[in-house]
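Notebook open, coffee on the desk. I want to look at how one sheet is put together and then go hunting for enclosed space.

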Amino acid sequence: MAKSKIVLAYSGGLDTSVILKWLKETYDAEIIAFTADIGQKEELDGLEEKALQTGASKIYIDDLRDEFAKDFIYPMFQAGALYEGQYLLGTSIARPLIAKRMVDIARAEGAVAIAHGATGKGNDQVRFELTAAALAPELDVIAPWRLEEFREQFPGRAEMIAYAEKHGIPVQASAAKPYSMDRNLLHISFESGMLEDPWFDSSATDSKGMYVLSVDPEDAPDQAEYIELEFEQGDCVGLNGAKLSPLEVMEALNELGGKHGIGRVDMVENRFVGMKSRGVYETPGGTILFTAHRKMESLTMDREVMHLRDSLITKYASLVYNGFWFAPERLAIQALVQESQKNVSGTVRLKLYKGNVIAAGVKSPVSLYNPDIATMEADPSKAYNQGDATGFIRLNALRLKVASGVEQNAKK
């Protein structure tokens, strides 16, 4: 009889390499490894050979960068999503795409389950499994780190290294860093190790070697650089006069932002599972795009539509962070967001300088800003009669006066 098939989210690191071998032995199953290329760059080198050598019957390494930029990053940025006022959700937004492709592969291969190497303390386990539940409820999900037998066999890193050596799994144990990293097209994150101490200064001189995408703002060029971003219906479609795809925009902005030390965030955040964790993030291109998009909206977006969309930012960001990308409530909010973006078109000019993204101009053929009305000088259009404000204020003050009168009478 043919063996059952399990699709494993595989990065090639120590954890997923050990898990691949362990799954094959424990479940007597055929393991199909899957790696999503979402912008990890050199981290993908040698993965196919390594997966097959470790025991995978097959490996998919799929280039999902275009889809990631167009269908995940761009819609999220249209929504203005920012988790707890700081985090641009770089890791969070990648997980539903990875899980979606895993489901596709599992169905194509006739697999009975998917598996991942996320720990029982983190958010990723939730993101992977909620996506699977939404898209393929018939599939089982195996999370080894939540299985007692796995944790008993591998109580620490030393046991995993020993297991890898015993089974000839090619891992570079000596390359262990005092922190963990996760990279994609939108950002790179750092956590654990020395960063578990919230008093540790991630901007200190001895921490500079940790960063990958950006120079230290103190070491950035002394000369500011101006750039122009072109938007159509809420999406950035061009940079400095050149038409670009979403992927090309992200790659170009990452390079520019990294050059000027833009997009570093160090925060203590609230995980969905209930604990606080400290993370350091580099999001150079995303920080530029987020700022530019907001500037474009300020000129072209109706006030009440903007305020309505903004009232949903916290909810939307939490849905992304907590793994509900494919939930009906996120899709409903996205429909409202998409409608809100139909006139968010024009050009934004920004100045990049030593970690800062500085507004330097915005224009649009559908601008809602009318200088004739907004001017402090005489209004040539006579569209605004300042005397009208008297009644406007009087009506808005009525309830305040009534409440004050009630309060004054109560004190008598």
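**Sheet first, then cavities**

I started with a strand pair: β6 and β7 (residues 188-191) run antiparallel to each other, joined over four bridges. Worth keeping in mind throughout: this is a predicted model. For one bridge I looked up the partners, and serine 180 pairs with glutamate 191 in β7.

Next I zoomed out to the whole sheet. It is open, has four strands in the order β6-β7-β12-β11, and the pairing is antiparallel. Why do β6 and β11 each have one side without a neighbour in the sheet? Because β6 (180-183) and β11 (264-270) sit at the edges, each has a single partner strand. I also noted the twist, which averages 25° from one strand to the next.

Then the cavities. I found two of 30 Å³ or more. The largest holds about 50 Å³ of space. Its lining is Tyr74, Phe77, Gln78, Phe231, Gly234, Asp235, Cys236, Leu289 and His293. Elements giving two or more residues to that lining are α3 (65-78), β9 (235-239) and α9 (284-300), and α3 gives the most, with three. By class I get five nonpolar, three polar and one charged.

The second largest cavity comes out at about 40 Å³. Which residues line the second largest cavity? I wrote down Phe77, Gly80, Phe290, His293, Arg294 and Glu297. Here α9 has the largest share of the lining, four residues. The class split is two nonpolar, two polar and two charged.

One last jotting: Phe77 and His293 appear in the lining of the largest cavity and also in that of the second largest.

How values were computed:
Residues numbered from 1 in each chain as written. Predicted model: local features only at pLDDT ≥ 70, side-chain atom pairs only at ≥ 80, totals over all residues. Heavy atoms only, no water. Pairing = 2+ DSSP bridges. Axes fitted to C-alpha atoms, helices over the stretch in contact; angles between N-to-C directions. 1 Å grid on protein atoms, 1.4 Å probe; cavity = no way out; pocket = protein on both sides within 12 Å on 5 of 7 lines; lining within 4 Å. Points joined across faces, edges and corners; volume = space filled by probe spheres on them. Nonpolar A, V, L, I, M, F, W, Y, C, P; charged D, E, K, R; others polar.
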